[in-house]
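This report describes the fold, the sheets and the nonpolar core of one protein chain. The sequence and the structure are shown first.

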Amino acid sequence: MRYWCQKIIARWLQPKYNFSYVVDLPNNIKNRNIYIVGEKEYPWLIAFNCPCGCKNIVQLNLLKEADPCWTFKINKNGKINIFPSVWRTRGCKRHFVVRKSKIIWIGGYKG
Ligand SMILES: [Zn+2]
């Protein structure tokens with residue numbers, strides 16, 4: 001029961017991310033903003049600062065021709081979901097999903 005409560009509170013405390021469509025990825029990318037790069041109908045990349053704070057940029061390919069490839073969905077409340085999960089193979093090696101504009105850590109969040 002206590003564990004369940006902690007999980008709910010941890011999720012609630014997670015900052016919400018914004019997202020914006022850009023033609024090119026800017027040099028200075030803002031924290032807590034997910035950049036959807038490309039033409040609006042044909043985005044090819046999602047990029048954002050790694051939510052763990054390691055200052056690396058997470059870049060997710062959206063092109064089906066390349067592997068690995070991610071997809072995203074913006075629901076009717078204007079919140080973004082990204083599929084599948086993001087598992088960083090370099091650097092911090094964190095594993096998380098983006099659901100309803102929030103980061104959900106997989107395997108526990110140790111800060
Ligand atoms: Zn990181």
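## A central strand pair

In this predicted model, I36 stands opposite I46 of β3. The two strands concerned, β2 and β3, pair in the antiparallel sense over five bridges, and a hairpin of two residues joins β2 to β3. When neighbours within four places in sequence are left aside, the contacts of I36 are F19, Y21, P43 and I46.

Strand β3 also pairs with β4: the two run antiparallel and are joined by five bridges. Within this pairing, A47 has Q59 in β4 as its bridge partner.

## The first sheet

These strands belong to an open sheet of four strands, ordered β1-β2-β3-β4, in which the pairing is mixed. The edges are formed by β1 (18-22) and β4 (57-61); each has a single partner strand, so one side of each is left without a neighbour in the sheet. On average, and with direction ignored, neighbouring strands of this sheet are turned by 20° against each other.

## The loop between β1 and β2

I29 is located in the loop that lies between β1 and β2. Is this residue I29 buried, exposed or partly exposed? I29 has 14 C-beta neighbours inside 10 Å and therefore counts as partly exposed, since a buried residue needs 20 or more and an exposed one has 12 or fewer.

Not counting residues up to four places away in sequence, I29 touches Y35, A47, F48, N49 and I57. As for A47, its C-alpha atom is separated by 8.7 Å from that of I29, although the two residues are 18 residues apart along the chain.

## The second sheet

A further open sheet consists of four strands in the order β5-β6-β7-β8, with antiparallel pairing. At its edges stand β5 (71-74) and β8 (102-105); each has a single partner strand, so one side of each is left without a neighbour in the sheet. Neighbouring strands here are turned against each other by 25° on average, direction ignored.

Strands β5 and β6 run antiparallel and are joined by four bridges. One residue of this pairing is I74, whose bridge partner in β6 is I80.

## The nonpolar core

In soluble globular proteins, nonpolar side chains tend to be buried together. The largest nonpolar core of this model has 14 residues, and those with the most contacts inside it are F19, I34, Y35, I36, I46 and I80. At least two residues of this core come from each of β2 (33-39), β3 (42-49), β6 (80-87) and β7 (95-99).

Two pairings described above involve residues from that group of most contacts: I36 stands opposite I46, and I80 is the bridge partner of I74.

## The chain as a whole

The secondary structure comprises one helix and eight strands, and the pattern along the sequence is α-β-β-β-β-β-β-β-β. Of the 111 residues, 15% are buried. Among contacts with a separation of 6 or more, 24% are accounted for by residues 24 or more positions apart.

What radius of gyration does the chain have, and what would a compact globule have? For 111 residues a compact globule would have a value near 13 Å, and the chain has 14 Å, which agrees. The C-alpha trace spans about 45 × 35 × 25 Å along its principal axes.

Key. Residues numbered from 1 in each chain as written. Predicted model: local features only at pLDDT ≥ 70, side-chain atom pairs only at ≥ 80, totals over all residues. Core = buried A, V, L, I, M, F, W, Y, C linked by C-beta atoms within 7 Å. Contact = placed C-beta atoms within 7 Å. Pairing = 2+ DSSP bridges. Axes fitted to C-alpha atoms, helices over the stretch in contact; angles between N-to-C directions. Rg over C-alpha atoms; globule rule 2.2 N^0.38 Å.
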